[in-house]
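Reader: I'm new to this structure and would like a close look at a single part of it, the open sheet. Could you walk me through that, with a bit of background to set the scene?

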Amino acid sequence: MFLTYVRSLPNNEEQGQYLALDLGGTNFRVLLVEFTSSKQKILDCERHEIPNDLRFGSGQSLFDFIAERVIQFAIRHQLVGVRIALGFTFSFPLHQHGLAEATLVRWTKSFNCSGVVGFDVVRLLKAALKRKMHKSIPYVDVVAIINDTTGTLISGALMDKNCVIGLIVGTGCNSCYVEKLENIEKWPFNYSEPRQVVINTEWGAFGENNVLDFIRTIWDRSLDYESVNAGKQIYEKMVSGMYLPELFRRVLLTLIERGVLFNGHVPLELLRPYSITTSSMSKIDMDTKLNSFRNTKTVLSELFVRCDYSDVDAKIVFMINNRITQRAAYLIATGIWALAKRIDQTDISVAYDGSLLCLHPYIKLWVEEKLNKFSSSTNKKIRLIPSHDGSGYGAAIVAALCYREKRPKIVKRNGKVYEVTSFLNK
Ligand code: GLC
């Protein structure tokens with residue numbers, strides 16, 4: 001669990017234009033966001049793919065690549081000669097020392113750049129921006145760094161005042177929630193209002209101390225053993241979009257080897273790790289008994305050039321797929337329920353985002369069903385609310401919040417006027 005230093009949730013006071021940078025998957029995005037008193041709007045958003053060699057190369061090359069795109073984006077928007085604040089959504093575990101100071105604890109998902117773990121990511125980004133910023137080019141000021149779950153929570157909080165949990169189920173899986181300051185033993189600052197702080201749970205790492213072993217299968221274990229981060233992110237490997245299709249592939253292989261599927265013939269394509277995608281799994285899950293597993297058969301024909309499957313094969317494939325996605329949904333619901341029980345509030349809204357939860361036909365429904373069961377004997381009401389583009393908006397909102405908090409405020413005491421500057425984190 002990590003402190004985020006985000007304490008204020010937005011109250012629609014934020015105004016002006018801000019940049020946001022969102023890095024967490026195989027793409028990164030640069031956004032220009034505008035806040036007016038009545039609404040928030042993404043004025044422009046540019047997406048870039050991160051080549052494989054950069055995801056496994058040196059940190060400096062990665063940040064140079066990103067900085068170059070940020071500067072080009074700013075120039076294109078004629079932000080020349082101005083100072084513009086940037087909020088950075090960096091979706092990896094961070095040890096934060098302040099709102100714009102954070103060292104990378106470890107890479108997760110499909111990243112493994114050298115020279116970043118243990119270093120301040122904001123500094124690395126600032127240094128790369130400095131290398132790219134020349135005279136008369138905009139001055140991009142990195143003012144805040146957040147996790148994608150925090151962004152999702154913040155942008156959910158704009159729509160719903162009961163929103164106290166942020167959830168991402170995409171390539172990776174993680175959550176954050178609002179905790180009372182009094183429960184934080186090592187809070188390094190004062191206990192002034194607001195007496196709360198957002199905690200990034202990094203629950204993807206849950207299970208690294210073997211507590212999930214009693215439900216892990218041989219396929220969970222072999223996937224983990226052969227992954228780039230063996231022994232790490234155990235829960236994430238059971239629930240997120242990057243790993244579910246790989247679990248599916250592994251179970252299929254075992255059943256073929258045991259002669260249960262496809263007459264024991266392995267389609268060549270199935271031998272390639274990570275070759276199945278979540279969209280195939282979603283399509284299979286859309287089958288019903290009534291349509292004779294038509295979708296499953298279509299997916300099998302799309303995935304494998306040569307594969308002789310029977311009706312029974314299709315049914316088994318459907319069932320395996322369904323068990324994997326449903327198990328993921330139930331595990332996610334269990335995680336949310338653990339947080340909900342901790343939060344002293346009856347109505348709890350969970351802002352969610354992420355490709356798996358947003359695009360899969362049933363996962364969200366299964367999560368809700370399970371949560372209803374968990375909460376049926378209590379007075380808690382848990383609602384899942386979509387927070388589209390929280391990781392984009394969220395960073396811009398935090399950048400704006402940071403400015404809001406830093407803006408001098410005028411107070412009157414005993415007839416005298418004072419200027420009070422309250423900082424978000426110090
Ligand atoms: C991984 C990252 C985490 C992020 C999640 C969703 O679990 O460690 O920081 O929030 O993926 O992108």
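**The open sheet and its setting**

Author: The protein chain holds 13 helices and 15 strands; both are DSSP runs numbered from the N terminus, with at least four residues for a helix (H or I) and at least two for a strand (E). This is a predicted model, where local features need pLDDT of at least 70, side-chain atom pairs count only at pLDDT 80 or more, and totals for chains, interfaces and linings use all residues. Residues are numbered from 1 along each chain as its sequence is written, and side-chain values use heavy atoms, leaving out hydrogens and water.

Now for the sheet. Six strands make up an open sheet with mixed pairing, running in the order E1-E11-E10-E9-E12-E13. Its edges are strand E1 (2-3) and strand E13 (381-386), each of which pairs on one side only. Strands count as paired if DSSP finds at least two bridges between them. Take E9 (residues 163-169) and E12 (residues 347-353): they pair in the parallel sense, over five bridges. Within that pair, cysteine 163 sits opposite serine 349 in E12.

Stepping back to the protein chain, its C-alpha trace spans about 85 × 55 × 40 Å along the principal axes. Of the 426 residues, 55% are buried, meaning under 20% relative accessible area with a 1.4 Å probe, protein chains only. As for contacts (heavy atoms within 4.5 Å), residues 24 or more positions apart account for 68% of those with a separation of 6 or more.

Technical notes
Buried < 20%, exposed > 50% of the residue type's maximum accessible area, 1.4 Å probe, protein only.
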